[in-house]
Amino acid sequence: QLQLVESGGGLVHPGGSLRLSCVASETPYSNTVVAWYRQATGKEREVVATIYSSGSTNYAGSVKGRFAISRDTAKNTVYLEMNNLAPEDTAVYYCNFKQYGSKYIDTWGQGTQVTVSS
């Protein structure tokens, strides 16, 4: 059973950068959509960035130009590079794998806290 472990969160000043990592415990299906979500206190979980099996990416408008999602298939790892962070980026960030194959498997990580504060 696929498991995901996120890391890289922490406290950063406004304008700073962080890189989140999401390591999968095994190689996922070739047709897998990976996304980073975030959930701020009192708010609904929202998708931040998505990378498709083709390698194409998509971003929420609020992070476009500041965040970048990438993957290293050899390491079963997906990254979220976050630059020019602002207090409104404060949230718990979750990694999600949606695998499409002989069956559909939706897997979430445990989340990593990102706090942007001066």
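Let me begin with the sheet that you can see in this predicted model: four strands make up an open sheet in the order β1-β3-β8-β7, and their pairing is antiparallel. The strands at the edges are β1, which covers residues 4-7, and β7, and since each of these has a single partner strand, one side of each is left without a neighbour in the sheet. If you follow the sheet across from one strand to the next, the twist averages 15 degrees.

I would like to walk through the pairings of this sheet in order, starting at β1. Four bridges join β1 to β3, the strand of residues 18-24, and the two run antiparallel; within that pair, Glu6 stands opposite Cys22 in β3. Please keep Cys22 in mind, as I will return to this residue shortly. On the next step, β3 is joined to β8 by six bridges, again with the strands running antiparallel, and here Val23 is found opposite Thr77 in β8. Finally, six bridges join β7 to β8, which also run antiparallel, and Arg71 faces Val78 of β8 across that pairing.

How covered is β8, then, going by its residues? The strand is mostly covered, in that five of its six residues are buried.

The connection between β7 and β8 deserves a moment of its own. These two strands form a hairpin with four residues between them, and in the turn sits Asn76, whose phi is positive at about 50 degrees, although Asn76 is not a glycine. With buried taken as under 20% relative accessible area, Asn76 counts as buried, because its relative accessible area is 18%. There is also Asn84, which is likewise not a glycine and has a positive phi of about 50 degrees. That residue lies in the loop between β8 and β9, the strand of residues 91-100, and Asn84 is partly exposed, with a relative accessible area of 49%.

Now let me come back to Cys22. How many disulfides does the structure hold? There is one, and it joins Cys22 to Cys95, with the two sulfur atoms 2.1 Å apart. The torsion about the S-S bond of this pair is about -80 degrees, so the disulfide is left-handed. The pair links distant parts of the chain, with Cys22 in strand β3 and Cys95 in strand β9, 73 residues apart. As for their surroundings, Cys22 is buried, and Cys95 is buried as well.

Next, I turn to β4, β5 and β6, which are joined by pairings of their own. Five bridges join β4 to β5, the strand of residues 46-51, and these strands run antiparallel; across this pairing, Tyr37 stands opposite Val47 in β5. Between the strands of the hairpin of β4 and β5 there are six residues, and Gly42 in this hairpin takes a positive phi near 80 degrees. Moving on from β5, three bridges join that strand to β6, which covers residues 57-59, and once more the strands run antiparallel, with Ile51 placed opposite Thr57 in β6. The hairpin of β5 and β6 has five residues between its strands, and there Gly55 takes a positive phi near 100 degrees.

My last topic is the open space in the model. Rolling a probe the size of a water molecule over the atoms shows where empty space is left. The largest pocket found here has a volume of about 240 Å³. Which residues lie nearest the centre of this pocket? Its lining is made of 15 residues, and of these Pro28, Tyr29, Thr32, Arg71 and Thr73 lie nearest the centre. The elements that contribute two or more residues to the lining are β4 (32-39), β7 (67-72) and β8 (77-82). Sorted by class, the lining of this pocket holds six nonpolar, seven polar and two charged residues.

To put the parts together before we open the discussion, Arg71 is a useful residue to look at on the structure, as it stands opposite Val78 in β8 and is also one of the residues that lie nearest the centre of the largest pocket. Cys22 is another good place to look, as this residue stands opposite Glu6 and is joined by the disulfide to Cys95.

Conventions
Residues are numbered from 1 along each chain as its sequence is written. This is a predicted model: local features need pLDDT of at least 70, side-chain atom pairs count only at pLDDT 80 or more; totals for chains, interfaces and linings use all residues. Side-chain values use heavy atoms; hydrogens and water are left out. On a 1 Å grid over the protein atoms alone, a cavity is a set of points where a 1.4 Å probe fits but cannot get out, and a pocket is an open set with protein on both sides within 12 Å along at least five of seven lines; lining residues have an atom within 4 Å of a point. Grid points are joined across faces, edges and corners, and a volume is the space filled by probe spheres set on the points. Ala, Val, Leu, Ile, Met, Phe, Trp, Tyr, Cys and Pro count as nonpolar, Asp, Glu, Lys and Arg as charged, and the others, Gly among them, as polar. Two strands pair if DSSP finds at least two bridges between them. Axes are lines fitted to C-alpha atoms, for helices over the stretch in contact, and angles run from 0 to 180 degrees between N-to-C directions. Buried means under 20% relative accessible area, exposed over 50%, partly exposed in between (1.4 Å probe, protein chains only). A disulfide is a pair of cysteine sulfur atoms within 2.5 Å.
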